[in-house]
Amino acid sequence: MKTLFLSLFLAAGFLTPVFAAQPEKGTFASVSGPLPASPPDTSLTMFGRGMYPGDDSTYENLRNSGFNTVILSSFYIHANGDVYSGDDHKNPIIHDGQYVGSREWLKYVASLKQASSSVKRIEILLEGRWYNQPPNTYDYIQDWYDSSKTVSGIVTGIGSNSTLYKIIKIMKEDIGVDAICIDDESVYNSESIAKLGELAAHLNLHMTLCPFKKVNYWKDIICRSQPGLIDAIYLQCYDGGRFNVPGVWKEKLETTLPVYPIFLCRGAFSTCNPVHNSKTPAEIKAEMIRFKKDYPQMTGGAIWQMADIKNFIKNNCAVQTPESGTSATFSQYILDLRNGLMEGLSE
């Protein structure tokens with residue numbers, strides 16, 4: 001944090017003029033303890049759906065992949081305060097304010113930052129409902145952030161005894177993340193997210209944003225937040241965000257924060273074919289080149305997601321649909337995707 005905890009809460013991010021530009025990264029100062037990792041100068045990010053609880057080979061491949069940021073995804077908050085992985089809808093990872101998930105997974109996550117690993121930063125994605133799903137995550141953050149509200153079975157507010165605080169504290173202390181990533185695609189209540197950011201700041205966590213529409217909503221979150229708290233924006237450039245351009249978003253957000261495009265890789269939705277604007281490694285490189293022409297300061301990109309990489313290999317896409325890519329192994333496909341991002345930045 002830029003200031004001590006007391007002044008952070010007094011400021012609460014609400015004194016920042018609406019739609020003001022966010023200062024450059026580097027203003028974040030810790031209340032206590034070590035600073036969380038900031039995005040690397042060249043940020044190559046892998047979203048990690050399909051990794052809970054995972055196995056040795058998945059994490060070994062990530063450590064050797066050249067990706068330097070991993071976003072553990074996706075995680076959902078339920079009405080009773082339990083948190084579930086999108087990879088396991090039956091067994092929570094957090095229950096009654098305690099971590100109750102796979103202990104093996106915690107070891108795998110910790111291994112991502114081994115000395116020889118390319119991974120330097122770990123985030124966790126909070127995903128909300130979409131389409132006609134029942135309420136979850138951001139519905140409940142909206143309902144619970146205000147301590148004046150009464151919700152059965154929930155301690156509202158963002159104080160140290162609150163349900164939200166205990167959830168984020170477990171993500172910090174038990175799982176070991178550097179940031180929480182906000183993927184709200186339904187509720188769009190900026191005040192509640194700014195309050196969640198205050199909570200994250202108290203726990204020495206960064207916050208990142210994962211938009212695909214509603215620029216003004218995300219802009220308001222940035223302006224309500226303590227400078228330095230939010231340090232990256234991951235822009236969905238597929239499906240509903242298929243027409244998004246990072247440079248255009250950066251201008252509309254009026255921010256100095258880095259904006260990284262996210263690409264949906266082939267293998268998505270268990271098919272080798274181009275669905276929901278999924279792209280081959282070569283197409284990802286071409287898009288990175290196109291984006292960088294309009295946004296020369298662009299310093300990274302991201303891939304959604306590990307589960308799709310596994311599906312690409314499982315479906316033998318290199319043979320069945322060779323135009324989707326030529327990777328025959330899991331490790332080679334990760335490398336090809338990483339090279340698509342990096343070579344696009346280097347052109």
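Asparagine 316 is partly exposed in this predicted model. Its relative accessible area is 35%. The residue sits in the loop that runs between α10 and α11 (317–320). Although asparagine 316 is not a glycine, its phi is positive, at about 55°. Glutamate 254 also has a positive phi of about 55°, and it too is not a glycine. This glutamate belongs to the loop between α8 (246–253) and β10 (259–264). Glutamate 254 has a relative accessibility of 42% and therefore counts as partly exposed, since the partly exposed class spans the values between 20% and 50%.

Two cis peptide bonds can be described. One joins serine 73 and serine 74, with omega at about -10°. Serine 74 is part of strand β2 (residues 69–77). Another cis bond leads from tryptophan 304 to glutamine 305, and here omega is near 15°. Glutamine 305 lies in the loop between β11 (300–304) and α10 (306–314).

Loop positions can also be buried. Aspartate 178 is placed in the loop between α5 and β7 (179–183). Its relative accessible area is 7%, so the residue is buried. Leaving aside residues up to four places away in sequence, aspartate 178 touches Pro36, Ala37, Lys113, Lys120, Arg121, Ile122, Leu205 and His206. Serine 102 occupies the loop between β5 (98–99) and α3 (103–111). With a relative accessible area of 18%, serine 102 is buried, because the cut-off for burial is under 20%. Beyond residues up to four places away in sequence, serine 102 touches Tyr52 and Pro53. Its C-alpha atom is separated by 9.5 Å from that of asparagine 91, and the two residues are 11 residues apart along the chain.

The nonpolar interior was examined next. In soluble globular proteins, nonpolar side chains tend to be buried together. The largest nonpolar core here has 87 residues. Within this core, the residues with the most contacts are Leu72, Trp105, Ile168, Met171, Ile175 and Ile180. Helix α5 (residues 163–175) supplies the largest share of the core, seven residues. The neighbours of isoleucine 180 include Ile168 and Met171. Isoleucine 180 also touches Ile124, Leu196, Ala200, Leu205, His206, Met207 and Thr208, again not counting residues up to four places away in sequence. Leu205 and His206 are likewise touched by aspartate 178. A second core, separate from the largest one, has 14 residues. Among them are Ala232, Tyr260, Ile262 and Leu264.

Helix packing was then considered for α9 and α12. The axes of helix α9 (residues 281–294) and helix α12 (residues 330–346) come within 7 Å of each other. They cross at roughly 20°. The two helices are therefore roughly parallel, because angles under 35 degrees fall into that class. The crossing of α9 past α12 is right-handed. On the α9 side, the contact is made by Pro281, Ile284, Lys285, Met288, Ile289 and Lys292. On the α12 side, Tyr333, Asp336, Leu337, Gly340, Leu341, Glu343, Gly344 and Leu345 take part. Eight residues of this contact are nonpolar, two are polar and four are charged.

Notes. Residues numbered from 1 in each chain as written. Predicted model: local features only at pLDDT ≥ 70, side-chain atom pairs only at ≥ 80, totals over all residues. Heavy atoms only, no water. Axes fitted to C-alpha atoms, helices over the stretch in contact; angles between N-to-C directions. Helix = DSSP H or I, 4+ residues; strand = E, 2+ residues; numbered from the N terminus. Parallel < 35°, antiparallel > 145°, perpendicular 65-115°, else oblique. Left-handed = near helix turned anticlockwise from the far one by under 90°. Contact = heavy atoms within 4.5 Å. Nonpolar A, V, L, I, M, F, W, Y, C, P; charged D, E, K, R; others polar. Core = buried A, V, L, I, M, F, W, Y, C linked by side-chain atoms within 4.5 Å. Buried < 20%, exposed > 50% of the residue type's maximum accessible area, 1.4 Å probe, protein only.
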